[in-house]
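Biologist: I should like to learn how to read a protein model, one feature at a time. May we begin with the way strands are joined?

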Amino acid sequence: MTDATEPETDFARVPDGFQRLWTPHRMAYIQGEKPADEPGEGCPFCAAPHKSDAEGLIVHRGETCYVVLNLFPYNPGHALICPYRHEPAYVGLTDEETLEFTALTKATVRALQRASAPMGFNLGMNQGEIAGAGVAAHLHQHVVPRWGGDSNFLPIVGQTKALPVLLEDTRQALVEAWPS
C-alpha cells in the first residue's frame, strides 16, 4: 500500500512546518450574501421565525422575541436573543420587548447551564457595523457559553474553530433544558 498523501514540497507555499487545517465551509459565510438592512427575507433574523424550529435553529419562541442558535458559533451553544421586529438599536425596543429580551437572555443562560454546564458566559451585543455587528440592522444579543481551555491554538494559528457537537444536537439539548 502506498501513501497517497501529497508531499509537503508540492504545496503552493514554502514549507513552514505547520499542518494545514482546511475549513472550506467557512467560505459560505465569508463570500455569502450580506444581510439586507431592510426587514424581510434578506435579513436572517426576520427570516428565521418563518421557518420550522429545526430549520431555523430556533430554541424558543416568545411573544415579542425569540432565541436562535448562531449558524457560525464561537462555541457550542452560542445562542442569540432577537426581537421579531426588525430594529437595529437596543434603545429602540419597546418596554415589552425589552422585558422579554432580558427574560429570554436569563432563560438561555439557565438552559445552557442545565444542558452543558459551562464554566462562564460572554453576554453582549454589538450595535452598528463599526462595533462589530455582522447583522447591524437587526438587534441581537449573544450568549456564548465558555469552558476552561475552550480557546486554544486553532483560532489563532489555523483560523479554525473546532466544535465537538452538531448544531441540531445543541438546539435539541437546549430545547429539552429550557426553563418551564
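Biologist: How many bridges join E1 to E2, and do they run parallel or antiparallel?

Modeller: Two strands pair if DSSP finds at least two bridges between them. Here E1 and E2 run antiparallel and are joined by three bridges. His60 stands opposite Val67 in E2, and a hairpin of three residues joins E1 to E2. Please note that this is a predicted model, in which local features need pLDDT of at least 70 and side-chain atom pairs count only at pLDDT 80 or more, while totals for chains, interfaces and linings use all residues. Residues are numbered from 1 along each chain as its sequence is written, and side-chain values use heavy atoms, with hydrogens and water left out.

Biologist: What do the labels of helices and strands stand for?

Modeller: They are DSSP runs numbered from the N terminus: helices are runs of H or I with at least four residues, and strands are runs of E with at least two. The chain has six helices and five strands. From the N terminus on, their order is α-α-α-β-β-β-α-β-β-α-α.

Biologist: Which strands does E3 pair with?

Modeller: Strand E2 (residues 65-69) is joined to E3 by five bridges, and the two run antiparallel. In that pair, Val67 stands opposite Ile81 in E3. E3 is also joined to strand E5 (residues 141-146) by three bridges, again antiparallel. There, Ala79 stands opposite Val143 in E5.

Biologist: Which way do the side chains of a strand point?

Modeller: In a regular strand the side chains alternate between the two faces of the sheet. In E3, Ala79, Ile81 and Pro83 point one way, and Leu80 and Cys82 point the other way.

Biologist: Is strand E3 mostly covered or uncovered?

Modeller: The term to know is "buried", which means under 20% relative accessible area; exposed means over 50%, and partly exposed lies in between (1.4 Å probe, protein chains only). Strand E3 (residues 79-83) is mostly covered, with five of its five residues buried. In the chain, buried residues make up 34% of the 180 residues.

Biologist: How are these classes applied to single residues in E2 and E5?

Modeller: Tyr66 is found in strand E2. Tyr66 counts as buried because its relative accessible area is 0%. Its C-alpha lies 9.7 Å from that of Ala48, and the two residues are 18 apart in sequence. Arg146 has its place in strand E5. Arg146 has a relative accessible area of 30%, so this residue counts as partly exposed. The C-alpha atoms of Arg146 and Tyr74 are separated by 9.5 Å, although these residues are 72 apart along the chain.

Biologist: Is Glu176 buried or exposed?

Modeller: Glu176 lies in helix H6 (residues 167-177). Glu176 counts as exposed because its relative accessibility is 62%. Glu176 and Ala115 are 61 residues apart in sequence, and their C-alpha atoms are 8.0 Å apart in space.

Biologist: How should one read contacts between residues that are apart in sequence?

Modeller: Contact means heavy atoms within 4.5 Å. Among contacts in the chain between residues at least 6 apart in sequence, 60% join residues at least 24 apart.

Biologist: What sign does phi have in most residues other than glycine?

Modeller: Most residues other than glycine have a negative phi. Leu57 is not a glycine, yet its phi is positive, near 60°. Leu57 is placed in the loop between helix H3 (53-56) and strand E1 (58-61), and is buried because its relative accessible area is 11%. Ala117 likewise is not a glycine and has a positive phi of about 45°. Ala117 is found in the loop between helix H4 (95-116) and strand E4 (120-124). At 52% relative accessibility, Ala117 counts as exposed.

Biologist: How does one find where empty space is left?

Modeller: Rolling a probe the size of a water molecule over the atoms shows where empty space is left. On a 1 Å grid over the protein atoms alone, a cavity is a set of points where a 1.4 Å probe fits but cannot get out, and lining residues have an atom within 4 Å of a point. Grid points are joined across faces, edges and corners, and a volume is the space filled by probe spheres set on the points. The structure holds one cavity of 30 Å³ or more. The residues lining the largest cavity include Pro88, Met125, His138 and His140.

Conventions
On a 1 Å grid over the protein atoms alone, a cavity is a set of points where a 1.4 Å probe fits but cannot get out, and a pocket is an open set with protein on both sides within 12 Å along at least five of seven lines; lining residues have an atom within 4 Å of a point.
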